[in-house]
Amino acid sequence: MREEEIIESLKNQNEEFRKICNEHRELDRIITEMEKKHYFTDEEELERKRLKKEKLYKKDQIAKLIREYKKQFSKT
């Protein structure tokens, strides 16, 4: 099973996975919008960094769920 197929399957079957993907996508949108600015205040820079860390954490969660799915799928 290809990675894209696994992702679609998880989105359809797993509410937690779907929620994390949506949050990751929203963080990406917010960060992209923020980065249109050329200069950041100290507070904006801290917030941008916090959002990037949160987005990375979501990506790690997504990867973990995909690994677990693959592991479960390979046993059957």
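## A walk around a three-helix chain

Start with the whole chain as a surface: about 6100 Å² is exposed, and carbon and sulfur atoms supply 52% of that area (Shrake-Rupley method, 1.4 Å probe; for residues, only the protein chains shown count as cover). You are looking at a predicted model, in which local features need pLDDT of at least 70 and side-chain atom pairs count only at pLDDT 80 or more, while totals for chains, interfaces and linings use all residues. Residues are numbered from 1 along each chain as its sequence is written, and side-chain values use heavy atoms, with hydrogens and water left out.

Now switch to cartoon. The chain has three helices and zero strands, running α-α-α from the N terminus (DSSP runs numbered from the N terminus: helices are H or I with at least four residues, strands are E with at least two). Turn the C-alpha trace along its principal axes and it spans about 55 × 20 × 15 Å. The radius of gyration is 16 Å, whereas a compact globule of 76 residues would come near 11 Å (taken over C-alpha atoms; the globule rule is 2.2 Å times the number of residues to the power 0.38).

Next, colour by burial. Of the 76 residues, 24% count as buried, meaning under 20% relative accessible area; exposed is over 50% and partly exposed lies in between (1.4 Å probe, protein chains only).

**Select helix 1, residues 3-13.** Its buried residues are Ile6, Ser9 and Leu10. Look down the helix axis: these buried residues fall within an arc of 100°, so they line one face of the helix (the arc is that of the directions from the helix axis to the C-beta atoms). Their cover includes helix 2 (15-34) and helix 3.

**Select methionine 34.** You will find this residue in helix 2. Is methionine 34 buried or exposed? Its relative accessible area is 18%, so methionine 34 is buried. Beyond its neighbours within four places in sequence, methionine 34 is in contact with Phe40, Glu44, Glu47, Arg48 and Leu51 (contact means heavy atoms within 4.5 Å). Try a distance from methionine 34 to arginine 48: they sit 14 residues apart in sequence and 7.4 Å apart in space, C-alpha to C-alpha.

**Select lysine 58.** This stop lies in helix 3 (residues 42-75). Lysine 58 counts as buried because its relative accessibility is 12%. Show its surroundings: leaving aside neighbours within four places in sequence, lysine 58 is in contact with Ile20, Glu23, His24 and Leu27.

Finally, zoom out. Among contacts between residues at least 6 apart in sequence, 63% join residues at least 24 apart.
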